[in-house]
Amino acid sequence: MSSITRFPTEVCEKLGNYVYRLIDPRNGETFYVGKGRNNRVFDHAAGLPEISDDAPQQLGAKLERIRAIKNAGLNVLHVIHRHEIPDETVFEVEAALIDAYPGLTNIQGGHASSDRGPMNHLELIDKYALPEFPLEPEHRLILININKLENRSDRRAIYNLVRYCWRLSKARAEKADYVLAVVRGIVVGAFYPQKWMPATQENFPNIPYADGSESHRIGFSGEEAEKEIWDLYVGARGKRVTNPDLKHIQNPIRFWQC
């Protein structure tokens, strides 16, 4: 195994921006994708500066993986995938690599992944051929990204995914007239939130994965929006969001007039 743990100064000067993968030597699995400059990849592979024996409870999945590798007497492997990347494209390169490796420990998805990430041909046709969502909606709205949806025609599944559970202000949420469910830039559901509540098992007994661990977040109980509203914002098969102010980049929630 190489004993080199830093790039020489002259190499750092020539690398510029780069995108890298961290790999678990125990099974060859890529568990993190990141971007950096200089010696960021070496610091990250070593768990620095975040890792600390004084605060193990604060370790996320990524740092726990690094610690397990080190406890096994091994070192995290890493690959520089692309270097000399211009500032304006480094986020796109990182996002493409994140999309290529499901199950990463990255807390956030790739830049604009929900809008321009992996899609099949039917999703691409929908994205660019469906009717457009209103550019200037007339209601106060919350648009929530629910990319885990498997069947866009299952309104009950849409409702359960969009209503539970989110990190947002209850006071602000209560200003919204409707909550809209969005999948890869397509509005697929519209709901009237009757009551916003902490995301506890008592408040959401019909959500099988509601275990109380998300009580610092909130969700709502409600019903499908009336047909006039559904037709306006969803239509027959969904409407594509084109207003940049309403598109989801990394934050799963977008507000309109509330």
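**Exercise 1. Find how many salt bridges the structure has, and describe three of them.**

Solution. Start with the rule: a salt bridge is a side-chain nitrogen of Lys or Arg within 4 Å of a carboxyl oxygen of Asp or Glu. By this rule the count is 10 salt bridges. The structure is a predicted model, in which local features need pLDDT of at least 70, side-chain atom pairs count only at pLDDT 80 or more, and totals for chains, interfaces and linings use all residues. Residues are numbered from 1 along each chain as its sequence is written, and side-chain values use heavy atoms, with hydrogens and water left out.

Step 1. Take arginine 6 and aspartate 43, whose closest N and O atoms are 2.6 Å apart. Arginine 6 sits in the segment before α1 (9-15) and aspartate 43 in helix α2 (residues 40-45), so this pair links distant parts of the chain, 37 residues apart. Helices (H or I, at least four residues) and strands (E, at least two) are DSSP runs, numbered from the N terminus.

Step 2. Classify both residues by relative accessible area: buried means under 20%, exposed over 50%, and partly exposed in between (1.4 Å probe, protein chains only). Arginine 6, at 41%, is partly exposed. Aspartate 43, at 24%, is partly exposed.

Step 3. Take glutamate 94 and lysine 35, with their closest N and O atoms 3.3 Å apart. Glutamate 94 belongs to helix α4 (residues 90-100) and lysine 35 to strand β2 (residues 29-36), so the bridge ties together parts 59 residues apart in sequence. Glutamate 94 is buried at 10% relative accessibility, while lysine 35 is partly exposed at 30%.

Step 4. Take aspartate 231 and lysine 227, which meet at 2.6 Å, N to O. They are separated by about one helical turn because they stand four residues apart in helix α9 (residues 227-233). Aspartate 231 is partly exposed at 34%; lysine 227 is exposed at 63%. Elsewhere, salt bridges that share partners join Asp24, Arg26, Glu29 and Arg65 into one network.

**Exercise 2. Decide whether strand β5 is enclosed or open, and name its partner strands.**

Solution.

Step 1. Check burial: six of the six residues of β5 (residues 178-183) are buried, so the strand is largely enclosed by the rest of the structure.

Step 2. Check each face. Tyr178, Leu180 and Val182 are buried on one side, and Val179, Ala181 and Val183 on the other.

Step 3. Look for partners; two strands pair if DSSP finds at least two bridges between them. Strands β4 and β5 run parallel and are joined by five bridges, with leucine 141 opposite tyrosine 178. Five bridges also join β5 to β6 (residues 186-198), and these two run antiparallel. Here alanine 181 stands opposite glycine 189.

Step 4. Inspect the hairpin of β5 and β6. Two residues lie between the strands, and arginine 184 takes a positive phi near 50°.

**Exercise 3. Locate a patch of negative charge on the surface and place one of its members.**

Solution.

Step 1. Apply the rule: patches are made of residues with over 30% relative accessible area and no salt bridge, like charges being joined within 9 Å. Glu138, Glu223, Glu226 and Glu228 gather in such a negative patch.

Step 2. Place glutamate 138: it is in the loop between α6 (121-129) and β4 (141-145). At 63% relative accessibility, glutamate 138 counts as exposed.

Conventions
Patch = residues over 30% accessible without salt bridge, like charges linked within 9 Å, V, L, I, M, F, W, Y side chains within 5 Å. Areas by Shrake-Rupley, 256 points an atom, 1.4 Å probe, with all protein chains shown as cover. Lys, Arg positive; Asp, Glu negative; His and termini not counted. Charge placed at Lys NZ, Arg CZ, Asp CG, Glu CD.
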